[in-house]
Amino acid sequence: MGELLLEVKGLKKHFPIKQGFFRRTVGHVRAVDGLDLSVNRGETFAIVGESGCGKSTSGRTILRLEEPTAGEIVYHHETLGKINVEKADSKLLKRIRPEMQIIFQDPFSSLDSRMTVGRIIAEPMVINDTLRGRELKDRVAELLTVVGLRPEHASRYPHAFSGGQRQRIGIARALALNPKLIICDEPVSALDVSVQAQVLNLLEDLQERFNLTYIFISHDLSVVEHIADRVAVMYVGKVVEVGTTDQLFYNPKMPYTEALLSALPKPDPRNRSKPTLLAGEVPSPANPPSGCYFHPRCPYAQEICKKEAPPLQDTGDGHLAACHFANELTLKGATPLTEIKAPDIITATARHQASVAASSAAQPTEASEQAGSGATS
Ligand SMILES: Nc1ncnc2c1ncn2[C@@H]1O[C@H](COP(=O)(O)OP(=O)(O)O)[C@@H](O)[C@H]1O
Ligand code: SF4
Ligand SMILES: [Mg+2]
């Protein structure tokens, strides 16, 4: 067990639903509905789940970009000790915010198109008044180099860059204040598969270089398989399973995880079993089902599942699952990546793995997106 950096306990974020002339509150969207997780220093902790299950709201609420409705967010600061982020006043928030940054999914809308890349990257340092003048310029140049771009790119505007390069600019900006924790919210989902692997490689390199901790949010399990140390699966605002990447991928304990894994690529494309397990719609977080939220879609559901919500419990070796039958069911995990050979089903991670294996020869793999190619103007 590593050293704790962040603990989230019972975190809730409910958005009011307002209707009518007087805008009366008629209900709540329970976007995050009792989130529990703990993240160790230096690890990559992935949060996965279908669209709308509350991943982004969780990330934003942990950073207090959204005010939590309830729950605790405990950040372990190196000198200040344990800080309850949900109670922190503006002065304390200003002190700890530089340590906690976020990278967004869409590099096209998350960068201000009217600002030069240099200003975009410099902005956090200007706002926090950490550097000025020559030092600031030098730091921007250094950050551009760190993310595989060139110092002269500082004078250009975001529209002159490709998707992968824009994501690199977002990463440089997130690094500006020497963060400890970066929440990566679907950082490669908007990118082409080949570029995804390059940005994942960059994130891994930066993690090692700057001892970063990542919360890596993705709707795509195959993207987190290589990069994550541990994975939490979310379903309708709650965590339903947490384990090491191996535990979760190869020995899932919660039927929803099994269903997500069934949609991953199979080794032999002629013999693909259909991912039929995930039938039906994701329930609305404004009106979730009774008992276990997964029961209307679960092939193993029994009477108790409709009535009682299963708690998130340790099934052994720190592998947590929220299922009444977690220790009785034998669920099917993913096919090991090593067995995936067919080129037509290659995934970003399989591709990434192949590139890692090939890179012992230290060949630059990012030719199309890195400094060499410059901006696509
Ligand atoms: N500002 C908001 N107001 C009302 N509902 C919201 C707001 N932000 C998110 N939601 C709702 O909360 C749920 C979770 O959203 P989100 O966290 O974006 O999910 P994910 O990132 O997993 O796709 C969704 O039903 C979404 O419509
Ligand atoms: S508690 Fe019941 S409905 Fe929920 S995942 Fe387990 S078996 Fe399925
Ligand atoms: Mg999201």
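Which residue in β4 is the bridge partner of Lys-12? Keep that in mind while you load things up, and remember that you are looking at a predicted model.

**Stop 1: the four-stranded sheet**

Start by selecting β1 (residues 4-19) and β4 together: five bridges join them, and the strands run antiparallel. Click on Lys-12 and then on Ala-70, and you have the answer, since Ala-70 is its bridge partner in β4. Another pair to label here is Lys-9, which stands opposite Glu-72 in β4.

Now widen the selection to the whole sheet. It is an open one with four strands in the order β2-β1-β4-β5, and the pairing is antiparallel. The edge positions go to β2 and β5; each has a single partner strand, so one side of each is left without a neighbour in the sheet. Averaged over neighbouring strands and ignoring direction, the turn of one strand against the next is 25 degrees.

Put α1 on display as well. This helix packs on the sheet and touches β1, β2 and β4, and its direction makes about 75 degrees with that of β2.

**Stop 2: two hairpins**

Stay with the same sheet and zoom in on β1 and β2. They pair in the antiparallel sense over 13 bridges. Pro-16 is a good place to click, with His-28 as its bridge partner in β2. Follow the chain from one strand into the other and you trace a hairpin with four residues in between. Which residue in the turn has a positive phi? Pick Gly-20, where phi is about 80 degrees.

Next, jump to the other side of the sheet and select β4 (residues 70-77) with β5 (residues 81-84). These run antiparallel too, joined by four bridges. A hairpin of three residues links β4 to β5. For a pair to label, take His-76, which stands opposite Lys-82 in β5.

**Stop 3: around ligand 1**

Select ligand 1 and bring up its shell. You should get Phe-15, Val-29, Ala-31, Gly-49, Ser-51, Gly-52, Cys-53, Gly-54, Lys-55, Ser-56, Thr-57 and Pro-285. Which elements each supply at least two residues of this shell? Colour β2 (24-40) and α1 (55-62) to see them. The largest share, three residues, comes from α1. If you recolour by residue class, the shell divides into five nonpolar, six polar and one charged.

**Stop 4: the eight-stranded sheet**

Hide the first sheet and select the other one. Eight strands form this open sheet, in the order β6-β7-β8-β3-β9-β10-β12-β11, and the pairing is mixed. At the edges stand β6 (100-103) and β11 (313-314), each with a single partner strand, so one side of each is left without a neighbour in the sheet.

For a close-up, choose β9 (residues 230-235) and β10 (residues 238-244), an antiparallel pair with six bridges. Val-231 has Gly-243 as its bridge partner in β10.

**Stop 5: three helices, two contacts**

Two packed helices are described by the angle between their axes and the distance between the axes. Select α3 (residues 117-127) and α5: the angle is about 30 degrees, with the axes 7 Å apart. The two are therefore roughly parallel to each other, and the crossing is right-handed. To see the contact, show Val-117, Ile-120, Ile-121 and Pro-124 in α3, which meet Ile-169, Ala-172 and Arg-173 in α5. By class, these contact residues are six nonpolar, no polar and one charged.

Keep α5 (residues 163-175) on screen and swap α3 for α6 (residues 193-210). This time the angle is about 20 degrees and the axes are 10 Å apart. So α5 and α6 are roughly parallel to each other, and their crossing is right-handed. On the α5 side, the contact is made by Gly-163, Gly-164, Gln-167, Arg-168 and Ile-171, while α6 brings Val-195, Gln-198, Val-199 and Leu-202. Here the split is four nonpolar, four polar and one charged.

**Stop 6: around ligand 2**

Finish on ligand 2, which is surrounded by 13 residues. Which of them are the closest? Select Cys-292, His-295, Cys-298, Cys-305 and Cys-323. Colour the full shell by class and it comes out as eleven nonpolar, two polar and no charged.

Definitions and conventions: Residues are numbered from 1 along each chain as its sequence is written. Chains are lettered from A and ligands numbered from 1 in the order in which they are written. This is a predicted model: local features need pLDDT of at least 70, side-chain atom pairs count only at pLDDT 80 or more; totals for chains, interfaces and linings use all residues. A residue is near a molecule or strand if its C-beta atom, placed from the backbone, lies within 6 Å of it. Ala, Val, Leu, Ile, Met, Phe, Trp, Tyr, Cys and Pro count as nonpolar, Asp, Glu, Lys and Arg as charged, and the others, Gly among them, as polar. Two strands pair if DSSP finds at least two bridges between them. Axes are lines fitted to C-alpha atoms, for helices over the stretch in contact, and angles run from 0 to 180 degrees between N-to-C directions. Angles under 35 degrees count as roughly parallel, over 145 as roughly antiparallel, 65 to 115 as roughly perpendicular and the rest as oblique. A crossing is left-handed if the near helix is turned anticlockwise from the far one by less than a right angle, and right-handed if clockwise. Two residues are in contact if their C-beta atoms, placed from the backbone, lie within 7 Å.
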